[in-house]
Amino acid sequence: MNLIVMPVVIYLGASFLVPLLFRRDGEKACLAACLFTILGLAVSVLLAVRVFPGGRLITYAGGWENPMGIALMADGLSVLFLLVTNLVSLLVLLFSATYMKRYTGTVNFYVLVLLMLAGMNGVLVSMDIWNIFVFFEIASLASFVLVAFGLGAEEMEASLRYTVMGFLSSVFILFAMAMIYGLTGTLNIPDFAREVSCLPQSHLWFIVSLFIAGFGLKMALVPFHSWLPDAHSTAPAPVSALLSGIFVKVIGFYCVMRISLNVFGHVAQVKTVLLLLGSLSMVVGGVMAYGQKNIKRMFAYSTISQLGYCAIGIGIGGYLGCLGALMHFIGHAFSKSLLFLSAGAVEYMEGTSESEDLRGINDRMPFTTLVSNLGMFGIAGVPPLGNFWSKLIIILAAVGAGYTGIALLCILVAVLTLSYFLRLLRTAYYSRTEGKKEKREVPVSMLAPMFALGAVVLLTGLLLLPPVRSIILDGAVRVMKDFSYRDLSVSVIAE
Amino acid sequence: MEKGMSEIVKGVSKMVFPFIMLFGTSLVLYGHLSPGGGFSGGVVLAGGFVLLLLAFGKEHVFDIFPRRVAEALDSLGAAGFLAIAVLGFAGGHFFYNFLDKGRLFHLWSAGTMVFCNIMIGIKIGSALFLAISMLSMSRLVHTKDGVEYRQSGEDE
């Protein structure tokens, strides 16, 4: 039995079996979705046990060797992403068991989430650019529908805009792939990574820029960001949590990282572009978030701003830059999904997410306020939490590499982030209200997943402890820093 | 007024329908030997039902090919395809062609490929039919405030 294909098989199987078995029963569908996600998480843990000590697993579909078979690979980086993806989605699915009861057709919701997970897991284990594209499309199509799940006019508009922008990114990537196939005759990543150095410079730059534009659009780097705030703020809370927490990172960040670091191998120009776009998204996202009145919209802009840090981390490169980007991804994945879930909880009880209509949430929902605090501090980077260390590492890396201006920007945006979250806490959560204070907390079934995510956020700071770091992070950082697909020799492939 | 198009269209559609089904099935079954395959065969199969949908109206088509069945077949086709892929583990690999390859250029000559094609044909046929029949579900209604789409069955 080959472990690498299992994440894809589990989620694809689940998304076809659930509508077959539980066509009308939302609760059973949710239970089944959770069970399948637990299975997916278990497989990722098993893969982690095999891969984290070092090395990588490679398999070919159908047992066909290189030019024929479709290659799948799991190494430290992809398994780390698999772990985060499956853990976040499990907790989000547990949350949606109660939250989604307000919607109709919940079976479709679980099916679409499972399809999106199948796509994301598929992107993470593929080593064939066409396969990556197919899974990328599966995940994207599911997310387009999920954004419109509420069927309101706003959701439809956001989804339409998201769809148009999403297909634009697909066209860029498809075009780049067509060029690669035309020039090198292969879509297998190691094969064309070897051929890349022989290509004419003009072709090479065109391909690289198409890839950066395509995946950067999905990562919502600033000139390509306009779809994200609408899509992420109008979707149902669990969907926002999945999209902002993991989707943009797996489909955007991970692919940008693989393409720019492992395929084209640390090209200086690509890094400059990433540094520029990263700084731009960091600042623009932060400033836009400061002006937002809607809680979910603010969180969505904050996602753009924080993804800027990740892009800067890859742009700087080196051990510190990669480590910073990776830690920032982990911290942000958990904190941002926690924040969107807590915003969903507020919306669930209060009926609105406009910060002007919300007063004194703390008086009515103390526990939700507690986890919201944790999420906001997690993203703003308050010391013991993971994102403090990741921002510190990125700043140190920037100073070390001679980008003092960018380091300064990082510090300023960190202060800006803290300031808009503190302002939100003061106006919406801790403001005084007249009248009697009745407790109206969300049910335990929604609180428990949020507290679990909060516990994970608290633990992210510990990732940097040397024994933990050497097990979990160092393998992935090694992949980012040193690994290149062209080094995958035939002997390794036959493993 | 009677539903659907004129008697001539209905009559011709009724006559052509079995042949479209036959052609679709042969495309699906001989996909590994000649041009065609699960996808194109499935599209032809769905096209047959779409022809009936246009000629007779959706009630008639849903009588012979109910939505529930189409939805179930849609999931079943995909799940079946995945099952064939997973059964490949019997030979040690995902998607391994574990069946006997038979004789060249005969129907039984490609192991699991025939079954993959059949599953894709079922999936595409039912999914495409469902997608097109969904278009007939909502209707453009002119109201005072402009134009809106309504699910059919809703009151005017």
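**Chat: the A/B contact, the core and two loop residues**

Modeller: In this predicted model, the contact draws 13 residues from chain A and 15 residues from chain B.

Biologist: What classes are on the chain A side that touches chain B?

Modeller: Nine residues there are nonpolar and four are polar. The side of chain A has no charged residues.

Biologist: Switching to the core. How many residues does the largest nonpolar one have?

Modeller: The largest nonpolar core has 228 residues. L114(A), V123(A) and C410(A) have the most contacts inside it.

Biologist: Which helix gives the largest share of this core?

Modeller: Helix α10 of chain A, residues 237-263. That helix supplies 18 residues.

Biologist: Back to L114(A). What is it in contact with, leaving aside neighbours within four places in sequence?

Modeller: Y11(A), A14(A), S15(A) and V18(A), plus A33(A) and F36(A).

Biologist: New topic: backbone. Which residue other than glycine has a positive phi?

Modeller: L151(A) is one of them, with phi near 65°. L151(A) sits in the loop between α5 (129-147) and α6 (153-184) of chain A.

Biologist: Is L151(A) buried or exposed?

Modeller: Exposed, because L151(A) has 11 other C-beta atoms within 10 Å, and 12 or fewer counts as exposed.

Biologist: And in chain B, what is phi of F95(B)?

Modeller: Near 65°, so a positive value again, in a residue other than glycine. Most residues other than glycine have a negative phi.

Biologist: Where is F95(B) found?

Modeller: In the loop between α4 (67-87) and α5 (113-135) of chain B.

Biologist: Why does F95(B) count as buried?

Modeller: Because F95(B) has 22 C-beta neighbours inside 10 Å, and the cut-off for buried is 20 or more.

Notes. Residues are numbered from 1 along each chain as its sequence is written. Chains are lettered from A and ligands numbered from 1 in the order in which they are written. This is a predicted model: local features need pLDDT of at least 70, side-chain atom pairs count only at pLDDT 80 or more; totals for chains, interfaces and linings use all residues. Two residues are in contact if their C-beta atoms, placed from the backbone, lie within 7 Å. Ala, Val, Leu, Ile, Met, Phe, Trp, Tyr, Cys and Pro count as nonpolar, Asp, Glu, Lys and Arg as charged, and the others, Gly among them, as polar. A nonpolar core is a set of buried Ala, Val, Leu, Ile, Met, Phe, Trp, Tyr and Cys residues joined through C-beta atoms within 7 Å. Helices (H or I, at least four residues) and strands (E, at least two) are DSSP runs, numbered from the N terminus.
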